[in-house]
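Student: I would like to learn how to read a model of this kind, one feature at a time. Could we go through it together?

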Number of protein chains: 2
Amino acid sequence: MAGSPKRPRGSLAEVAELAGVSIATASRVVNDSPHPVAEATRARVLAAAEELGYSPSALARALVTRRSRIIGVIVGDIVDPYFAEITRGIEDVCSKAGYMTIVCNADRSTEVEIEQLKLLTDYHAEGVVFAGSGYIEDDRGDELAALVERASDQEIKVLSLARRDFEAPSVRIDNRAVARELTEYLISLGHRRIAFIKGPEGLYASADRLGGYEDAMGAAGLEAGPVHEGDFTYDMGHAAAVRLLADAELPDAVIGANDETAIGALAALRQAEIAVPDRVSVAGMTDTRLARFSDITTVSIPLYQFGAIAARRIIAGAGDADVGGDTLLPHRLVPRSTTARR
Amino acid sequence: MAGSPKRPRGSLAEVAELAGVSIATASRVVNDSPHPVAEATRARVLAAAEELGYSPSALARALVTRRSRIIGVIVGDIVDPYFAEITRGIEDVCSKAGYMTIVCNADRSTEVEIEQLKLLTDYHAEGVVFAGSGYIEDDRGDELAALVERASDQEIKVLSLARRDFEAPSVRIDNRAVARELTEYLISLGHRRIAFIKGPEGLYASADRLGGYEDAMGAAGLEAGPVHEGDFTYDMGHAAAVRLLADAELPDAVIGANDETAIGALAALRQAEIAVPDRVSVAGMTDTRLARFSDITTVSIPLYQFGAIAARRIIAGAGDADVGGDTLLPHRLVPRSTTARR
DNA sequence: TAATCTCAGGAAAACGCTTCCCCACCCACC
DNA sequence: GGTGGGTGGGGAAGCGTTTTCCTGAGATTA
């Protein structure tokens with residue numbers, strides 16, 4: 001780097017001094033506050049600020065105004081397109097409003113979520129978005145719930161984007177309906193034996209989607225199954241499909257609890273030279289970019305909107321207005337080339 | 001929410017009062033500072049902190065210690081797995097060290113990058129990572145460079161993960177070598193006519209990769225081309241391949257400037273019932289998860305390491321040690337099923 | 001016994017900002 | 001010639017910390 005002297009950082013006091021005014025006046029100018037300031041004075045302050053390359057300390061400002069302009073989002077894994085899309089929605093809204101977005105990866109662990117939430121409150125985040133789903137029997141659940149309540153007491157807006165065992169408004173979809181409608185669609189195509197590859201054990205999202213599948217099968221008078229274990233990953237989807245292939249009877253269709261699972265299954269079937277969709281149909285859920293590339297049938301979930309709406313709510317309720325209740329976003333079936341009439 | 005009274009936020013002063021000690025002593029206990037504190041006193045303070053659910057304000061602390069424990073990363077688009085992987089590397093290292101990661105999407109615009117950098121300095125970020133590549137003829141380039149220099153003066157560690165027209169240490173790969181080696185590999189497989197689908201216009205990464213391709217072709221005495229426009233997206237890769245199909249003569253192989261481009265091209269070829277790799281080989285660069293799923297030949301780039309190393313450097317140099325020079329990370333050819341001997 | 005140390009603890013400055021409250025005008029109005 | 005109201009500006013408190021410097025009280029040494 002050039003040998004430029006390490007200037008510490010221009011402060012408002014320096015600007016004020018250079019302009020020959022008080023700190024109060026300088027502050028008024030740079031924030032253009034309603035308090036009147038003479039044009040000439042204003043110009044002097046602005047010039048001084050310009051010369052010093054002054055930019056206000058967001059930290060100091062946050063401390064006194066009690067508004068940090070920081071929003072935190074706790075995701076399972078930012079590499080997962082599911083969470084990336086949500087984060088993008090949050091960040092877009094935030095940056096347009098001059099807010100900062102802090103991203104925390106929790107690796108789907110409640111314990112880590114607790115840590116992250118603590119840190120976020122230490123930074124006086126104005127809002128915290130829990131992007132991931134919760135666990136059904138969660139031994140740390142109460143601890144998290146208590147922490148969330150405390151955060152709310154401290155004027156931190158907590159929002160969840162999936163089913164959660166704590167008191168907080170949410171923006172979400174009806175996972176059960178998503179799976180049900182997808183299953184109904186496959187049934188309407190004439191499929192009878194429909195396999196299901198589950199999501200991670202104990203996750204509400206997994207349970208809800210499995211439930212929706214079972215609902216639809218039951219309503220159609222069909223026997224649910226085979227149902228295989230999965231964890232939302234390609235590899236597990238692949239492995240489950242391989243197990244499926246070992247069965248005496250091949251299913252008419254395979255549903256993955258998410259796109260990645262379905263794509264893994266799709267790959268396994270194709271490797272085994274099973275014609276998709278002619279012999280077996282395959283479908284997933286979420287409609288990530290992956291699903292589009294693979295041209296796989298799925299159910300579209302407005303992930304970007306999840307994030308955008310959540311962020312807007314937090315920023316809008318920044319005064320102290322309530323952040324609102326629960327919003328249910330619509331999903332949409334997207335038929336593509338991996339499903340066909342039997 | 002439960003009608004719990006809105007407690008503002010426990011402060012150190014309250015803890016001190018409850019414990020019957022001064023703020024100074026309370027501070028010493030919660031930070032376990034070297035300054036001696038009697039065991040009994042320590043216990044009282046700890047108990048008070050526990051009772052009040054006290055947690056220190058990171059903002060106030062940052063203000064006085066001049067260490068915000070915030071690292072910013074400016075990415076093109078967090079949804080792009082390329083950037084998501086990098087961000088994950090940063091976040092993992094950060095969170096292990098008690099740092100926060102602020103993510104900013106710049107949409108590959110220098111202008112937005114400038115805004116983000118300003119905001120990040122306002123928040124006293126200890127380091128800023130520029131994840132994306134720079135533009136060759138960039139009219140805002142000087143402005144950004146000046147801002148980066150100012151940031152460095154303010155003890156903010158700036159790091160770039162690609163070629164950039166500003167003064168900052170970097171962690172990167174040799175894009176030219178990446179493309180060259182991939183091209184050489186295809187040539188070694190007996191391909192002569194090798195098409196190339198470029199990255200976005202004006203980006204250093206695009207130019208370097210194109211250059212590497214041309215180097216290899218030239219060195220082998222082959223004529224480069226056809227070369228088609230692209231922008232790192234699936235759609236443009238697809239479109240380019242369609243144009244390729246319209247030519248009188250089909251190439252032996254197609255290289256995409258990144259995986260997504262190559263996968264788009266692959267899809268177009270398969271839709272046209274061109275056998276891959278029997279008739280045409282296809283290869284990309286980066287080795288994202290997408291590439292693995294598509295089983296496409298590519299060159300692996302250690303994205304996660306990019307982020308992790310950058311973050312480690314920033315945190316390590318937190319005192320005031322220099323953040324170091326340039327690190328060149330290794331890449332690795334990953335042959336998969338979309339390339340074959342001609 | 002006086003001088004010196006060590007251990008514990010407190011007062012207060014500083015970080016950089018916003019904002020409340022006060023003051024001093026100047027002008028208009030009755 | 002008072003009173004009132006706008007206009008322009010400053011002083012200082014306060015946000016929640018860390019940290020430097022200082023003060024006592026005992027214990028130790030000469």
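**Burial, symmetry and contacts**

Tutor: B:Arg292 counts as partly exposed because 16 C-beta neighbours lie inside 10 Å; a residue is buried if 20 or more other C-beta atoms lie within 10 Å of its own, exposed if 12 or fewer, and partly exposed in between, with C-beta atoms placed from the backbone. This is a predicted model, in which local features need pLDDT of at least 70 and side-chain atom pairs count only at pLDDT 80 or more, whereas totals for chains, interfaces and linings use all residues. Residues are numbered from 1 along each chain as its sequence is written, and chains are lettered from A and ligands numbered from 1 in the order in which they are written.

Student: In which element does B:Arg292 lie?

Tutor: Helices (H or I, at least four residues) and strands (E, at least two) are DSSP runs, numbered from the N terminus. On that basis B:Arg292 belongs to helix 12 (residues 289-294) of chain B, and its C-alpha is 18 Å from that of B:Arg88, although 204 residues separate the two in sequence.

Student: What turn and what shift lay chain A on chain B?

Tutor: Copies are superposed by least squares on the C-alpha atoms of residues with pLDDT of at least 70 in both. Here a turn of 180° with a shift of 0.0 Å along the axis lays chain A on chain B with an RMSD of 0.1 Å, which is the relation of a two-fold axis. Within chain A, the residue that comes closest to this rotation axis is A:Ile102, whose C-alpha is at 2.2 Å.

Student: How many residues does the contact take from each chain?

Tutor: Two residues are in contact if their C-beta atoms, placed from the backbone, lie within 7 Å, and the contact takes 49 residues from chain A and 49 residues from chain B. On the side of chain A that touches chain B, helix 5 of chain A gives the most, with eight residues. That side divides into 22 nonpolar, 13 polar and 14 charged residues, where Ala, Val, Leu, Ile, Met, Phe, Trp, Tyr, Cys and Pro count as nonpolar, Asp, Glu, Lys and Arg as charged, and the others, Gly among them, as polar.

Student: Which residues come nearest to DNA strand C, and which are closest to DNA strand D?

Tutor: A residue is near a molecule or strand if its C-beta atom, placed from the backbone, lies within 6 Å of it. Of the 29 residues around DNA strand C, the nearest are A:Ser11, A:Leu12, A:Ala24, B:Ser22 and B:Pro36, and helix 4 of chain A gives the most to that surface, with five residues. DNA strand D is surrounded by 28 residues, of which A:Pro36, B:Leu12, B:Ala24, B:Ser57 and B:Ala60 are the closest; helix 4 of chain B gives the most there, with five residues.

Student: How far apart are the end C-alpha atoms of helix 9 of chain A, and against what do its buried residues pack?

Tutor: The expected span of a helix is 1.5 Å times one less than its number of residues. The 16 residues of helix 9 (residues 204-219) of chain A should therefore span 22 Å, which agrees with the 22 Å between its end C-alpha atoms. Its buried residues, among them A:Leu210 and A:Tyr213, pack against helix 8 (175-188), strand 6 (194-197) and strand 8 (253-256) of chain A.
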